[in-house]
Amino acid sequence: MTTKKLILLSLVTIPLLLSAENIILNDIDVTAKLGEGGESSLVQKEGYMKSAPMQKQITTKQALEIAGTNGDPVKALKSFAGIVSTNNDDGSELYVHGSKPRETRFSINHLPVGYLFHLGGLHSVIAPEMTGQIDAYLGGFDVTYGAMGAVVDISPKYPTGSGKGRVHIGLYDADFAYDMSLGEDTNLFISARRSYFDLIADKIIDELDSDSEDERKKTTFTLFPQFYDAQLILTHTMGNHIFSLEMLAAQDELKINDTFNIDKDPVAVGKINSKVESNTIGARWIYAGDGVTSNTLLYRLFTKQNVAFYDDDYFVDTELEEYGLYHETVWNLDRHTVTVGAEAKIVNAPTKVHSNAPSLTDFEDLVTEQEVVDIDKTFKAKEYTLFAQDIWDITPNDHLRYGVRAWKTDFQNFGSGIDPRVAYVHDFENDFTVSAAVGTYSQRPSTFTSIEGFGNPKIETQESAEHYTLSFQKTFADNAKLVVEPYFKKFNNLAIADDLSNYESVGEGEAYGVDITYKKKIDNFNFMLAYTYVKAKRQINTNTTKQYRFEGDIPHTLQITTNYHFWESWRVSAYAKYSSGAPYTPVEGTENYLYQGVSYVKPIYGEPYSARLDDNYDLDIQIGKTYKYAGDKSLEISLELMNVNALFKKNVSAIKYNDNYEEDGVYEQLGFLPALHLTYRF
């Protein structure tokens, strides 16, 4: 990949080769209390137990003050210990404790979304003014969540009829949001965002239209990346009952022509036209009485993905229509908090595909040599989940959380299962707490590994993980806190490659490490140091039981996050990161192959992920000033420099190979990405 390619990838995250998680979507269960989750306080949800392991929380206000978020609080996830990325570009994916990205589940108060981030990862599809709080559960979480690796729960900020709003103009997009009253007990929140990078991109990246080494190899845009999203929440209160209508919609589109692989992989050249859209609408009823709360949600999710690629007219066209009913009741008793819940889903997903199978690794066969598979089928499934748990305050210093999550599905005879989970917290004197959590966590394997054509339809086993986590937390008298959290995760029944049946669910793996977080506040200065150590490996093929590290095995990540408020209206923030380089599979030789009578060269790979790129250094800087006016009106102007190559050292994203697969230098990540924000609040 050239620098050109890196910029393209930083702007584009295309579900190119049937990222078929959209065929049958796995969701997470999250409950936020309506009207809570404001900017200055954190909400403890029904499954939250104070000082339990691996729980990270941040308010929207705190998140927006982290440098490098580009005005999006969801992107503050990168600052948590335990969450690592393969490089510093915005398009890089997040890995949690040795779990692959698809094993981390996102939700918005139980209301599912088709996808969370727009193309390239510059923004999430959730408006900043709608985001009240972000919770990340990196392991050992309770039974109300269904995921194998980790959970990210975004709590919406429900309307209060305040009459307040915001208008934001950024370097790449603009948005507005407004909270209004429609009556004494009825309130409405609306927001919308539209990117306009497509309107100016041709002026910025003209020089990326051709490869400097070979004019035949070029990448040209026919439609620059563009996206929009919109949100609506309508609430009505009647005594202890709250009713809401909630809607989220998003769309992303991109068209390019790419001939970079013309001498290496002649089929993998030509058009890449991608359009992805999603909309979700839900009706919610929440009851909050004396000692009892309940949350009932009826929703409909629709997603559509149309991707055409290569001159041989490969395509992936999928739709998903999911109807769901979710209910949860929580009883707050004397020394017990009891939660009982259930969820039912009906999914229909028409799918048309003309493509080769998507790769599970970075060293699969060339597209030119792979078999093309045709699928024209509607996938259907019914899913049912029951969960129950109790948080028992045994003594003032001892707390126990225990419960089970039971599931059943008729999708391809996957059957049913039960996941037990337990956590224990003990508070010592002098503000010192020790806690532990263990449990079983499961989810369906990636859909394309278990469907006819691409995968093995005889796979009938969920992938699963066993979590073993500890936490040591010490609060100091000088507004400082230290958290040390070791963990071990064992993965079972992974769907891995098999020479005869494409895939078999017999793979194993493990991940272990430690997260260390130190926070300190001195007047208007906030400081956080986060260190992550992880060692992760997995079985790749049934030919051997040997386990290999994979692209998310980033052993060391050290992050420093600071912000300082001064002169009443000024703020400066900085985010610095060091991380180990990502592992990759080296090319150790070549061999020839024929395609349409022409001889081409293909690589011979060495041991999987046996080499590692150079270490990464990143620096993000943000400075802002707020002008305050009468009536709580304000104008904030902020400037960000993101992905700065700290220490003036260029960060490497990949090894560069010439057409004969001989090493020919390296590809570098983006040097920096500027962002300017004008935000008017009224």
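**A walk through loops, rings and hairpins**

Let's start with N109, which lies in the loop between strand 4 (104-107) and strand 5 (131-137). Keep in mind as we go that this is a predicted model. N109 has a phi near 50°, a positive value in a residue that isn't glycine. Its relative accessibility is 0%, so N109 counts as buried.

Now jump to another residue with a positive phi. W567 isn't a glycine either, yet its phi is about 50°. This tryptophan belongs to the loop between strand 25 (556-566) and strand 26 (570-579). Is W567 buried or exposed? With 68% relative accessibility, W567 counts as exposed, because the cut-off for that label is over 50%.

W567 also leads us to the aromatic rings. Ring pairs tie it into a cluster with F525, Y564, F566 and W570. Across the whole structure, a search turns up 20 aromatic pairs. One of them is Y137 with Y145: the ring centres are 5.0 Å apart and the planes make an angle of 35°, so this pair is tilted. Both Y137 and Y145 are buried. Then there's Y680 with F682, where the centres are 6.1 Å apart and the planes stand at 25°, so the pair is stacked. Why stacked? Because planes under 30 degrees apart get that label, and 25° falls under it. As for exposure, Y680 is partly exposed with a relative accessible area of 31%, and F682 is also partly exposed, at 30% relative accessibility.

Rings in this model meet charges too. The charged end of K78 sits over the ring of Y575, 4.5 Å from the ring centre. Over at F550, the ring has the charged end of R538 above it, 5.4 Å from its centre.

Last stop: strands 7, 8 and 9. Strand 7 (residues 165-170) pairs with strand 8 (residues 173-181) in the antiparallel sense, over five bridges. To get your bearings there, find H168, which stands opposite D175 in strand 8. Two residues make the link in the hairpin that joins strand 7 to strand 8. Follow the chain onward and strand 8 meets strand 9 (residues 186-195): these two also run antiparallel, joined by nine bridges. Here M180 is a handy marker, standing opposite L188 in strand 9. How many residues lie between strand 8 and strand 9 in their hairpin? The answer is four. So strand 8 takes part in both pairings, with strand 7 on the one hand and with strand 9 on the other.

How values were computed
Residues are numbered from 1 along each chain as its sequence is written. This is a predicted model: local features need pLDDT of at least 70, side-chain atom pairs count only at pLDDT 80 or more; totals for chains, interfaces and linings use all residues. Side-chain values use heavy atoms; hydrogens and water are left out. Buried means under 20% relative accessible area, exposed over 50%, partly exposed in between (1.4 Å probe, protein chains only). Rings of Phe, Tyr and Trp (its six-membered ring) pair if their centres lie within 6.5 Å; planes under 30 degrees apart count as stacked, over 60 as edge-to-face and the rest as tilted. A charge sits over a ring if NZ of Lys or CZ of Arg is within 6 Å of the ring centre and within 35 degrees of the ring normal. Two strands pair if DSSP finds at least two bridges between them.
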